[in-house]
Amino acid sequence: MQSELFASENMAQPATAPGMTRQNSKSLKYAVNGECYARQGAMIAFRGNLQFERQSQGVGNFIKRSVTGEGLALMAVRGQGEAWFAHQGANCFIVDFAHGDALTVNGRNVLCFDASLSYEIKMVKGAGMAGGGLFNCLFTGQGRLGVVCDGDPIVIPVSPQAPVFVDTDAVVGWSAALHTSLHRSQSIGSMIRGGSGEAVQLKLEGEGFVVVRPSETRPAGQAA
C-alpha cells in the first residue's frame with residue numbers, strides 16, 4: 001500500500017530517551033518512564049504499560065476553579081510507554097524551564113508537563129473578580145512544559161518604558177515577574193452607547209514578555 005499518508009515525517013518512531021518531544025506541529029509525544037501530567041482528554045494514542053488517573057487539584061485550587069470556572073483539569077500518566085497528546089488541532093510548543101524560571105500560563109493553553117515542574121493556580125494580581133476572576137497557572141522548577149496555541153503565537157516584549165495591553169481572551173502566558181492590572185480603554189459614556197467591544201484589557205508592566213494568540217474567540221463549549 002502506498003500513499004503520501006505514509007511519508008516518513010508522519011511515522012511515529014520509538015523514543016530514544018524519556019521525556020517530551022514534538023511529534024509534529026499539532027501534537028506532542030511523551031516517553032513516560034515514571035510519571036508526567038497532562039490535561040484531561042488530551043491523550044490521542046499510547047502504547048506500552050501506562051495508566052491514566054484524574055489528578056486532584058487540592059482543596060484551595062478546587063474552590064478557585066469552582067468559583068471561576070477556570071483552572072486546569074489534570075490527569076497523571078504513570079508507567080512505562082509512549083503517549084501522544086493534542087488539543088483541538090491547535091499548534092503545540094515545548095517550553096524548557098531552567099532553575100529559577102517562572103511562567104504564568106492560561107489553563108486552556110496547557111497540554112502536558114514534567115512531574116518535576118511545580119504547578120499552582122494563581123489569581124492575576126490587579127484583576128480581582130471585576131475581571132471575571134482571572135486565575136492562571138504558575139509553573140516553576142526545572143523541566144519541560146507543553147503548551148498549545150490557536151494559530152501562530154505572537155510574543156511581545158514588555159519593558160518598563162513600554163507596557164503592553166492584551167485582550168484577556170487572547171492571552172496565552174507571560175513572564176511571571178511582570179506586574180499585572182486591569183486597564184479600561186473605554187469611557188463610561190462609550191460603554192453606555194454600546195462601546196467598541198474592547199472595554200477592558202490586561203496591562204503588563206516590568207521586564208519580560210507576553211504571548212498572545214491571533215484570536216480572541218473561544219472554541220465552542222470551552223470555558224475561559
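**Salt bridges across the strands**

In this predicted model, the chain exposes about 11700 Å², and carbon and sulfur atoms supply 54% of that area.

Reader: What does the secondary structure of the chain come to?

Author: Helices and strands both occur in the chain. The count is two helices and 16 strands.

Reader: What share of the residues counts as buried?

Author: The chain has 224 residues. Buried means under 20% relative accessible area. The share that counts as buried is 42%.

Reader: Of the contacts between residues at least 6 apart in sequence, what share joins residues at least 24 apart?

Author: Take the contacts in the chain between residues at least 6 apart. Those that join residues at least 24 apart make up 77%.

Reader: How many salt bridges does the structure hold?

Author: Side chains of opposite charge can pair when their charged atoms come close. The cut-off used here is a nitrogen to oxygen distance within 4 Å. The number of salt bridges in the structure is seven.

Reader: Which residue forms a salt bridge with E82, and is that residue buried or exposed?

Author: The closest N and O atoms of the pair are 3.5 Å apart. E82 lies in strand β4 (residues 74-85), and its partner lies in strand β2 (residues 27-39), 53 residues apart. Both E82 and the partner are buried. The partner is K29.

Reader: Which residue is linked with K29 and E82 in a network of salt bridges?

Author: K29 and E82 form a salt bridge with each other. The network of salt bridges links them with one further residue. That residue is R47.

Reader: Why does the pair of E53 and R78 tie together parts that are apart in sequence, and how many residues apart are they?

Author: The two side chains meet in a salt bridge, 2.7 Å from N to O. E53 lies in strand β3 (residues 43-55) and R78 in strand β4, so the pair ties together parts whose separation in sequence is 25 residues.

Reader: Where does E53 fall between buried and exposed?

Author: Buried means under 20%, exposed over 50%. E53 has 41% relative accessibility. Its partner R78, at 27%, counts as partly exposed. E53 also counts as partly exposed.

Reader: Which residue meets D96 in a salt bridge?

Author: D96 lies in strand β5 (residues 91-97), and the partner is in strand β10 (residues 143-149), 48 residues apart. D96 has 48% relative accessibility, so it counts as partly exposed. At 27%, the partner counts as partly exposed too. The N to O distance is 2.6 Å, and the partner is R144.

Note on methods:
Residues are numbered from 1 along each chain as its sequence is written. This is a predicted model: local features need pLDDT of at least 70, side-chain atom pairs count only at pLDDT 80 or more; totals for chains, interfaces and linings use all residues. Side-chain values use heavy atoms; hydrogens and water are left out. Helices (H or I, at least four residues) and strands (E, at least two) are DSSP runs, numbered from the N terminus. Buried means under 20% relative accessible area, exposed over 50%, partly exposed in between (1.4 Å probe, protein chains only). Contact means heavy atoms within 4.5 Å. Accessible areas come from the Shrake-Rupley method with a 1.4 Å probe; for residues, only the protein chains shown count as cover.
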